[in-house]
Amino acid sequence: MVEKVVIIRYGEIHLKGNNRGYFEKVFMNNLEKSLTGIRHEIHKPSGRYVVENYDETRTDEIVQRLCKVFGTHSVSIAYKVPADIDRIFDIVSQIAPKEGTFKIVANRADKSFAYNSMQVNAQIGGRLLAKNPALKVDVHHPEHEIFIDIRENGTALVFNAFFEGAGGMPVGTSGKGLLLLSGGIDSPVAGHMIAKRGMQLDALHFHSYPYTNMQAREKVETLAKILSGYIGEMKLYVVSVTHIQEAIHKNCPEEMMITLLRRFMMRIATHISNQYGAQCIVTGESLGQVASQTIEGMTSSNEVVDSLPVLRPLVGFDKTEIIERARKIGTFETSIQPYEDCCTVFLPKHPLIKPKLEKVHEAEARLDVDALLQEALDSLEIVTIN
Ligand code: ATP
Ligand code: MG
């Protein structure tokens, strides 16, 4: 049997001049982690990564997992044969179509190989045509392409498909953030986008048990689990805001619920970030999407976060664009399950759209902010997601 290998090509890491060694090391580590539990070896001959000696019964799963690792540009399953024109032709003729149009695309990294890439194309293409009269060459718009990569170490890799990778930069090369993860559509997409830029993430979820139920909690764990397929292991911090919502409900004007709750969320997020080493807070807010996501609402939330940047990667996105991404990354179906989020529990009929800071301060003065904050922090549970 001909040995198969999986080729992983990487994208943007190429750009990182002096830091390249570091980026490649983190990437390799993330690739390794993504294949945990599957027999494999990863090597790095020049300019790409190659998975060898792997469990071939799980090839599809390996490709799927590798495609999700940020930094991966594309993945191919290739046959590995000695760099010998007859051996190459044997395998090409096995995987080639029997009819239609095709093109051979050879690449010769080993310049000592007897034929240059044009000659390989001609040799292999010519023999294939002779063997299959129903085939035709079309170099511009072929139905099928077969790639032959002649490597320096006396081997050739033959493959016919590219699987699209997640792109971006390896997680862990851009610091660490804390994602505010609701059960909605937006926040998982926001997390995916930031992680794609190389940021490691932990997540923070607020619940209002018993107003919200266990299914809402499980839904968030499922979303975190889907995200961890891209990001790797993450912590999910879970905090109760029940008493905060009750206190706001009891003491403050109804329309201020969301504005005030968001400020508590941001304070809690700041504490947890500082305690567990996150350098920023990430949310799924999008400008003007709902009443609380106005610039005034964001100003009010930002006011209580003094030391950390708040990243809102979806700020300029339409809902339809966010949904498209949610479908693509596989979170949409989970996000639309109909369980109550804490924000909907005491939802005012007419939330304040443009909160004025002095009104916010006035309402907040009726609450014991520090005690409520401490009580919420005391409810912290930490779940490891991987
Ligand atoms: P999403 O679809 O992410 O829930 P949304 O459009 O429903 O967003 P909001 O409910 O106003 O918007 O929330 C805005 C952001 O605040 C969310 O994207 C998320 O980052 C954060 N957030 C809201 N509710 C929670 C929660 N229960 N736990 C953690 N973060 C939350
Ligand atoms: Mg929401």
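**Exercise 1. Polar contacts of the ligand**

An oxygen atom of ligand 1 lies 2.6 Å from an N or O atom in the side chain of Asp186. The model you are looking at is predicted. Starting from Asp186, work out which polar partners surround ligand 1 and how much of the ligand the protein buries.

*Solution.*
Step 1. Look at Ser182: an N or O atom of its side chain is 2.4 Å from an oxygen atom of ligand 1.
Step 2. Now turn to the backbone, where a polar atom of Phe206 is 3.0 Å from a nitrogen atom of ligand 1.
Step 3. Compare these values with the cut-off: a polar contact is a pair of N or O atoms within 3.5 Å.
Step 4. Finish with the surface. Ligand 1 taken alone exposes 570 Å², and the protein buries 91% of that area.

**Exercise 2. The shell around the ligand**

Describe the residues around ligand 1: which come nearest, and which elements supply them?

*Solution.*
Step 1. There are 22 residues around ligand 1. Those that come nearest are Leu180, Ser182, Asp186, Ser187 and Gln289.
Step 2. Sort the shell by character, and you get 9 nonpolar, 9 polar and 4 charged residues.
Step 3. Assign elements. At least two shell residues each come from α5 (186–196), β11, α8 (257–276) and α12. The most come from β11, which gives 3 residues.
Step 4. Pick a residue of strand β11 to check its surroundings: Ala203 lies in this strand and, at 0% relative accessibility, counts as buried. Its C-alpha atom is 30 Å from that of Tyr49, which is 154 residues away along the chain.

**Exercise 3. Two aromatic pairs**

Classify the ring pairs Phe147–Phe159 and Tyr211–Phe346, and say which parts of the chain each one ties together.

*Solution.*
Step 1. A search of the whole structure gives 11 aromatic pairs. In one of them, the ring centres of Phe147 and Phe159 are 5.2 Å apart with planes at 10 degrees, so this pair is stacked.
Step 2. Place the two residues: Phe147 is in strand β7 (residues 144–150) and Phe159 in strand β8 (residues 155–159), so the pair ties together parts 12 residues apart in sequence. Both Phe147 and Phe159 are buried.
Step 3. Next, the rings of Tyr211 and Phe346 have centres 5.1 Å apart and planes at 65 degrees, so this pair is edge-to-face.
Step 4. Tyr211 sits in the loop between β11 (200–207) and α6 (214–231), and Phe346 in the loop between α12 (342–345) and α13 (357–364), so the parts tied together are 135 residues apart in sequence.
Step 5. Check accessibility. Tyr211 has a relative accessible area of 36% and is partly exposed, whereas Phe346 is at 14% and counts as buried.

**Exercise 4. Clusters and charges over rings**

Which residues form an aromatic cluster with Tyr10, and which ring does the charged end of Arg267 sit over?

*Solution.*
Step 1. Tyr10 shares one aromatic cluster with Phe27 and Tyr49.
Step 2. For Arg267, the charged end is over the ring of Phe264, 5.3 Å from its centre.
Step 3. Add a further case: Arg327 lies over the face of Phe332, 4.3 Å from the ring centre.

**Exercise 5. Sequence and space**

How many residues separate Glu41 and Thr299 in sequence, and how far apart are their C-alpha atoms?

*Solution.*
Step 1. Find Glu41 in strand β2 (residues 41–43); at 36% relative accessibility, Glu41 counts as partly exposed.
Step 2. Go to Thr299: the two residues are 258 apart in sequence, and their C-alpha atoms are 50 Å apart in space.

Methods
Residues are numbered from 1 along each chain as its sequence is written. Chains are lettered from A and ligands numbered from 1 in the order in which they are written. This is a predicted model: local features need pLDDT of at least 70, side-chain atom pairs count only at pLDDT 80 or more; totals for chains, interfaces and linings use all residues. Side-chain values use heavy atoms; hydrogens and water are left out. Rings of Phe, Tyr and Trp (its six-membered ring) pair if their centres lie within 6.5 Å; planes under 30 degrees apart count as stacked, over 60 as edge-to-face and the rest as tilted. Helices (H or I, at least four residues) and strands (E, at least two) are DSSP runs, numbered from the N terminus. Buried means under 20% relative accessible area, exposed over 50%, partly exposed in between (1.4 Å probe, protein chains only). A charge sits over a ring if NZ of Lys or CZ of Arg is within 6 Å of the ring centre and within 35 degrees of the ring normal. A residue is near a molecule or strand if one of its heavy atoms lies within 4 Å of it. A polar contact is a pair of N or O atoms within 3.5 Å; within protein, one must be able to donate a hydrogen and the other to accept it, and residues adjacent in sequence count only if both atoms are side-chain atoms. Accessible areas come from the Shrake-Rupley method with a 1.4 Å probe; for residues, only the protein chains shown count as cover. Ala, Val, Leu, Ile, Met, Phe, Trp, Tyr, Cys and Pro count as nonpolar, Asp, Glu, Lys and Arg as charged, and the others, Gly among them, as polar.
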